[in-house]
Amino acid sequence: MNILIVGGSGGIGAALVDRFLSHRLTNTIYATYLTGQKITQSPKVKWHQVDITSEKDIRDLADNIPQLDVLINAIGILHDECNHPEKTINNFDPDFFQKNISINTTASILLAKYFCRPLKSSSISHFVALSARVGSIEDNKIGGWISYRCSKAALNMAIKTISLEWQFKNPNCCALAFHPGTTDTNFSKPYQKNVPENKLFKPEYVADQLIQLIENTTPSDTGKFYSFDGSEISW
Ligand SMILES: NC(=O)c1ccc[n+]([C@@H]2O[C@H](COP(=O)([O-])OP(=O)(O)OC[C@H]3O[C@@H](n4cnc5c(N)ncnc54)[C@H](OP(=O)(O)O)[C@@H]3O)[C@@H](O)[C@H]2O)c1
């Protein structure tokens with residue numbers, strides 16, 4: 001199995017790299033980082049520095065990876081040095097919104113554009129984007145976090161759209177959106193205060209749940225949005 005973890009330097013991405021490393025079917029893991037400090041070194045892991053907002057970086061990466069069984073995009077932002085997710089629309093900043101869209105949405109569409117060919121397989125392949133339950137329109141009961149929510153809702157639409165197109169172009173590929181649950185990483189650190197201890201997951205647990213989902217899904221499941229516990233989330 002050849003695997004690409006986009007954002008292998010992140011909390012969940014790094015756990016995915018580690019877990020796939022000990023998977024009996026793993027041949028090569030390709031993984032990306034941007035600024036990542038603590039990245040796993042192993043002869044099986046090939047690291048590439050990629051800025052996911054650069055179409056050229058994504059194209060160059062695809063040019064270096066001839067065949068893939070699994071692609072997981074584990075990149076995402078919720079906050080940056082200057083911005084927290086909005087409590088109210090009064091905090092809305094168009095530049096921060098664009099940054100959310102660029103990293104949380106556009107990146108997966110560009111990955112689909114350049115990795116359709118490496119993911120073509122005579123057996124099953126998987127294209128998975130880490131989404132979030134807050135991107136479900138149906139599930140939105142409390143509002144807030146408008147930039148992040150919109151970027152993940154748009155990502156969900158992108159995954160659905162990619163899955164429909166690939167039913168013809170890449171019929172053995174299963175395209176999924178995955179909600180990891182609140183996971184203890186830098187991403188969620190500032191917002192963990194009100195999360196009950198048993199609802200704050202370790203990245204290793206989330207990685208295991210996602211790998212299990214990949215093992216249990218086939219192209220007939222393409223275009224679905226799954227939670228960490230294997231249940232389906234409405235779009
Ligand atoms: N953690 C949670 O509670 C939670 C909940 C729901 C959904 N999610 C989703 O799960 C995914 C992973 O989250 P996480 O908790 O693992 O986040 P994280 O620990 O903050 O990791 C973020 C990753 O994104 C990369 N990244 C950010 N901007 C980039 C850019 N412009 N180009 C390339 N790489 C970039 C980082 O690379 P470097 O570190 O190398 O710079 C890092 O690998 C995200 O999509 C997030 O929305 C997380």
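Visitor: Why is Ser 136 called buried?
Guide: This is a predicted model, and in it Ser 136 has a relative accessibility of 1%. Buried means under 20%, so Ser 136 counts as buried.

Visitor: Where does Ser 136 sit, and what is it in contact with?
Guide: Ser 136 belongs to the loop that runs between E5 and H4. Setting aside neighbours within four places in sequence, Ser 136 is in contact with Asn 156, Phe 225, Ile 233, Ser 234 and Trp 235.

Visitor: What makes the approach of Ser 136 to Glu 138 a polar contact?
Guide: The side chain of Ser 136 comes to 3.4 Å from the backbone nitrogen of Glu 138. The cut-off is within 3.5 Å for a pair of N or O atoms, so 3.4 Å qualifies.

Visitor: What is notable about the phi of Trp 145, and where is that residue?
Guide: Trp 145 is also placed in the loop between E5 and H4. Its phi is near 50 degrees, a positive value in a residue other than glycine.

Visitor: How do you know whether to call Trp 145 buried, exposed or partly exposed?
Guide: Trp 145 has a relative accessibility of 29%. Buried needs under 20% and exposed needs over 50%, so Trp 145 lands in between, as partly exposed.

Visitor: And Pro 171, which of those labels does it get?
Guide: Pro 171 has 47% relative accessibility, so the label is partly exposed; exposed would take over 50%. Pro 171 lies in the loop between H4 and strand E6 (173–179). Not counting residues up to four places away in sequence, Pro 171 touches Trp 166 and Pro 219.

Visitor: Let's turn to the salt bridges. How many does a search of the whole structure find?
Guide: The search finds nine.

Visitor: What makes the pair Asp 208 and Arg 19 a salt bridge?
Guide: Their side chains meet at 2.8 Å, N to O. The cut-off is within 4 Å, so the pair passes. Asp 208 is in helix H5 and Arg 19 in helix H1, so this salt bridge ties together parts that are 189 residues apart in sequence.

Visitor: Are Asp 208 and Arg 19 buried or exposed?
Guide: Neither label fits. Asp 208 is partly exposed at 33% relative accessibility, and Arg 19 is partly exposed at 31%.

Visitor: How do you know that Asp 60 and Lys 56 are about one helical turn apart?
Guide: Asp 60 and Lys 56 are four residues apart in helix H2 (residues 55–63). An α-helix has 3.6 residues a turn, so residues three or four places apart point the same way. Asp 60 and Lys 56 form a salt bridge, with their closest N and O atoms 2.6 Å apart.

Visitor: Why does Arg 133 with Asp 139 count as a salt bridge?
Guide: The closest N and O atoms of Arg 133 and Asp 139 are 3.7 Å apart. Within 4 Å is what counts, so this pair is in. Arg 133 is partly exposed, at 31% relative accessible area. Elsewhere, salt bridges that share partners join Asp 221, Lys 224 and Glu 232 into one network.

Visitor: Now the ligand. Which residues are closest to it?
Guide: The closest are Ser 9, Thr 35, Gly 36, Tyr 148 and Thr 185, out of 29 residues that surround the ligand.

Visitor: What makes Thr 35 and Lys 152 polar contacts of the ligand?
Guide: A polar side-chain atom of Thr 35 is 2.6 Å from an oxygen atom of the ligand. For Lys 152, the distance from a polar side-chain atom to a ligand oxygen atom is 2.9 Å. With a cut-off of within 3.5 Å, both pairs therefore count.

Visitor: How much of the ligand does the protein bury?
Guide: The protein buries 89% of the 910 Å² that the ligand exposes when taken alone. Helix H1 (11–21) and helix H4 (146–169) are the elements that give two or more residues to the shell around the ligand. That shell divides into 13 nonpolar, 14 polar and two charged residues.

Visitor: Which residues of H1 are buried, and what covers them?
Guide: The buried ones are Ile 12, Gly 13, Ala 15, Leu 16, Val 17 and Phe 20. Their cover includes strand E1 (2–6), strand E2 (28–33) and helix H5 (203–216).

Technical notes
Residues numbered from 1 in each chain as written. Predicted model: local features only at pLDDT ≥ 70, side-chain atom pairs only at ≥ 80, totals over all residues. Heavy atoms only, no water. Near = heavy atom within 4 Å. Polar contact = N/O pair within 3.5 Å; in protein donor to acceptor, adjacent residues only side chain to side chain. Areas by Shrake-Rupley, 256 points an atom, 1.4 Å probe, with all protein chains shown as cover. Nonpolar A, V, L, I, M, F, W, Y, C, P; charged D, E, K, R; others polar. Buried < 20%, exposed > 50% of the residue type's maximum accessible area, 1.4 Å probe, protein only. Contact = heavy atoms within 4.5 Å.
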